[in-house]
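Trainee: I should like to work through this structure with you, one question at a time. Where shall we begin?

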Amino acid sequence: MSGQAMPCSPQEIGSLFLFEKLTPEQLGRLCAEGRIERFDTGPVYAEGDPATCFYVMIEGTVVLSRRVGGDEVEVGRTSQRGVYAGAMQAYLGDRVPQTYNNTMRVTEPTRFFVLPAQSFSDVMREWFPMAAHLLEGLFFGARSTQQVIGQRERLLALGSLSAGLTHELNNPAAAAVRATATLRERVGKMRHKLAHISQGNYPREAIAELIEIQERTVERVAKAPVLSPLQASDREDEIADWLEDHGFPEGWRIAPVFVQAGLDTDWLEQVAARVAEDLLPAALGWLNYTVETELLMDEIDDSTTRISHLVDAAKQYSQLDRAPHRVVDVHELLDSTLLMLSGKIGPRIRVVKEYDRSAPDVPAYPAELNQVWTNLIDNAVFAIGSTGREGTLTVRTAREGERLLVEFRDTGPGIPSEIRSRIFDPFFTTKPVGEGTGLGLDISWRIIVNKHHGSLQVESVPGDTRFQVLLPLTAPESEPESEPEPDPESESAADPEPSEEPA
């Protein structure tokens with residue numbers, strides 16, 4: 001895009017604040033290598049095009065804009081004489097992509113001093129070598145710092161999530177370790193009891209009968225009913241009395257084990273009827289160890305199954321083995337996120353799930369939806385925690401026409417009306433310094449609105465804040481493109497200011 005070429009006057013460009021300290025020879029060189037161009041209303045250059053020129057406005061009005069998602073967002077507008085834009089990183093050479101990092105247009109006939117990018121790079125290095133080195137250091141140092149901070153923020157988020165997963169994994173893992181140690185002890189005692197029985201003067205038929213009773217007892221353990229505390233207590237008393245009546249003075253010690261295994265006095269009577277009286281104490285001791293080992297193995301099985309489910313939940317959350325865009329059951333995503341954040345949610349917050357299981361699956365980017373759920377749940381937990389009291393987090397789903405509603409409701413203090421309109425703004429946060437970046441809701445909004453063509457809104461009164469996500473049940477005709485990652489180089493893009501700041 002080019003404008004109307006006009007004569008270049010060293011005196012005129014020397015009056016611009018950017019060039020006011022240059023010598024007549026330097027101003028002459030700029031005029032010789034550059035040019036004056038006049039642009040009528042319209043675009044001057046477009047974001048993403050090769051950055052071929054450096055522009056300094058002499059008179060007129062410029063507007064800068066950036067693409068955010070699918071929208072063009074105005075980032076600056078000024079009539080300040082001398083503001084500049086364009087190939088401002090030309091002096092860095094091919095170490096960074098040399099493209100325009102914004103779009104510039106003019107709203108009235110506007111004149112610019114235009115310097116080719118290579119000339120701008122040459123004069124920077126020849127006339128201001130120290131400044132060029134300092135700018136290089138600032139640029140690459142800022143980019144390095146940004147990368148480190150970005151990695152730190154991701155690590156903090158990962159730490160927050162892994163705290164919940166670690167908490168949940170620790171319980172079944174510790175239970176499995178304890179059960180394994182106890183099992184080893186019980187198996188040792190069982191071997192000792194077996195050796196004691198084998199050394200006794202018992203007929204082969206009695207030993208075979210005992211083994212057959214053992215097998216039936218194992219089957220009974222697998223089908224043990226779940227008793228209420230009162231029922232279990234009554235049965236323990238009955239079994240303890242029965243054991244004492246049959247030569248077990250401390251039967252109360254093993255009665256709870258028999259009850260947990262589903263055994264009762266009728267079963268013990270059947271055992272007593274089939275085993276010789278002198279073998280009964282050894283047989284009952286043997287059966288006690290058998291029951292204990294079965295229960296311990298069940299505990300280990302339950303614990304390892306729980307660990308497996310937790311690992312599956314982590315995979316579901318991260319979506320590491322899934323396609324980036326697919327049809328998903330939102331409830332699976334919500335459950336995995338709640339599980340990953342369970343350590344952060346803690347015991348003082350009650351989680352209530354009001355799921356409409358009849359709601360259909362939705363086309364989505366599941367990993368990014370999990371990021372939204374994480375942000376909204378984290379904010380709800382913080383809000384409830386700020387009250388210093390216990391609270392409730394309610395996660396509700398429902399079909400609303402051709403969209404699926406996902407609502408997060410907390411009993412926190414609410415969002416004051418004076419800041420409600422700002423909560424989706426980038427970098428706006430009410431959290432203490434170091435606890436929030438102010439990007440969570442901004443990122444969530446862009447994921448829901450730009451990528452999923454849905455909506456994200458909030459309703460809030462003290463004690464009842466609701467963030468509501470509405471997702472379309474059908475995909476658009478053309479899937480939304482992934483939003484590009486922030487370009488570190490673009491962070492040095494300057495907005496127009498009414499002072500000696502670049503345009």
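Mentor: This is a predicted model. Let us begin with a pair of helices: H6 (residues 229–245) and H8 (residues 265–274) pack with their axes 10 Å apart, at an angle of about 25°.

Trainee: Are H6 and H8 roughly parallel or roughly antiparallel to each other?

Mentor: The angle between helix H6 and helix H8 is about 25°. Angles under 35 degrees count as roughly parallel. H6 and H8 are therefore roughly parallel.

Trainee: Which residues in H8 do Glu238, Ile239, Trp242 and Leu243 in H6 meet?

Mentor: The contact joins two helices whose axes are 10 Å apart. On the side of H6 stand Glu238, Ile239, Trp242 and Leu243, and their counterparts in H8 are Thr265, Leu268, Glu269 and Ala272.

Trainee: How many helices and how many strands does the protein have, and what share of its residues counts as buried?

Mentor: The protein contains 14 helices and 16 strands. Among contacts with a separation of 6 or more, 76% are between residues 24 or more positions apart. The exposed area is about 26,600 Å², of which carbon and sulfur atoms supply 52%. Of the 503 residues, the share that counts as buried is 43%.

Trainee: In the open sheet of 5 strands, which strands stand at the edges?

Mentor: The 5 strands follow the order S1-S2-S9-S4-S7, with antiparallel pairing. Each edge strand has a single partner strand, so one side of it is left without a neighbour in the sheet; these strands are S1 (4–6) and S7 (84–86).

Trainee: What is the average twist of this sheet, and which helix packs on it?

Mentor: From one strand to the next, the twist averages 35°. Within the sheet, S4 (residues 53–59) and S9 (residues 110–116) run antiparallel and are joined by 6 bridges, with Val56 opposite Phe113 in S9. The helix that touches S4 and S9 has a direction at about 70° to that of S9, and it is H3 (residues 117–127).

Trainee: Which residues of S14 and S15 are partnered with Arg466 in S16?

Mentor: Strand S14 (residues 403–410) runs antiparallel to S16 and is joined to it by 8 bridges. Strand S15 (residues 455–461) also pairs with S16 in the antiparallel sense, over 7 bridges. Opposite Arg466 stand Arg409 on one hand and Glu459 on the other.

Trainee: Is strand S16 mostly covered or mostly exposed, and which residue takes a positive phi in its hairpin with S15?

Mentor: In S16 (residues 464–472), 8 of the 9 residues are buried, and the strand is mostly covered. The hairpin has 2 residues between its strands, and the residue with a positive phi near 85° is Gly463.

Trainee: Which cysteines form the disulfide, and how many residues apart in sequence are the parts it ties together?

Mentor: A search of the whole structure finds 1 disulfide, which joins Cys8 to Cys31 with an S to S distance of 2.0 Å. The link is left-handed, with -75° about the S-S bond. Cys8 lies in the loop between S1 and helix H1 (10–14), whereas Cys31 belongs to helix H2 (residues 24–33), so the parts tied together are separated in sequence by 23 residues.

Trainee: Which of Cys8 and Cys31 counts as buried?

Mentor: The limit for a buried residue is under 20% relative accessible area. Cys8, at 23%, counts as partly exposed. At 13% relative accessibility, the cysteine that counts as buried is Cys31.

Technical notes. Residues numbered from 1 in each chain as written. Predicted model: local features only at pLDDT ≥ 70, side-chain atom pairs only at ≥ 80, totals over all residues. Heavy atoms only, no water. Buried < 20%, exposed > 50% of the residue type's maximum accessible area, 1.4 Å probe, protein only. Helix = DSSP H or I, 4+ residues; strand = E, 2+ residues; numbered from the N terminus. Pairing = 2+ DSSP bridges. Axes fitted to C-alpha atoms, helices over the stretch in contact; angles between N-to-C directions. Contact = heavy atoms within 4.5 Å. Areas by Shrake-Rupley, 256 points an atom, 1.4 Å probe, with all protein chains shown as cover. Disulfide = S-S within 2.5 Å. Parallel < 35°, antiparallel > 145°, perpendicular 65-115°, else oblique.
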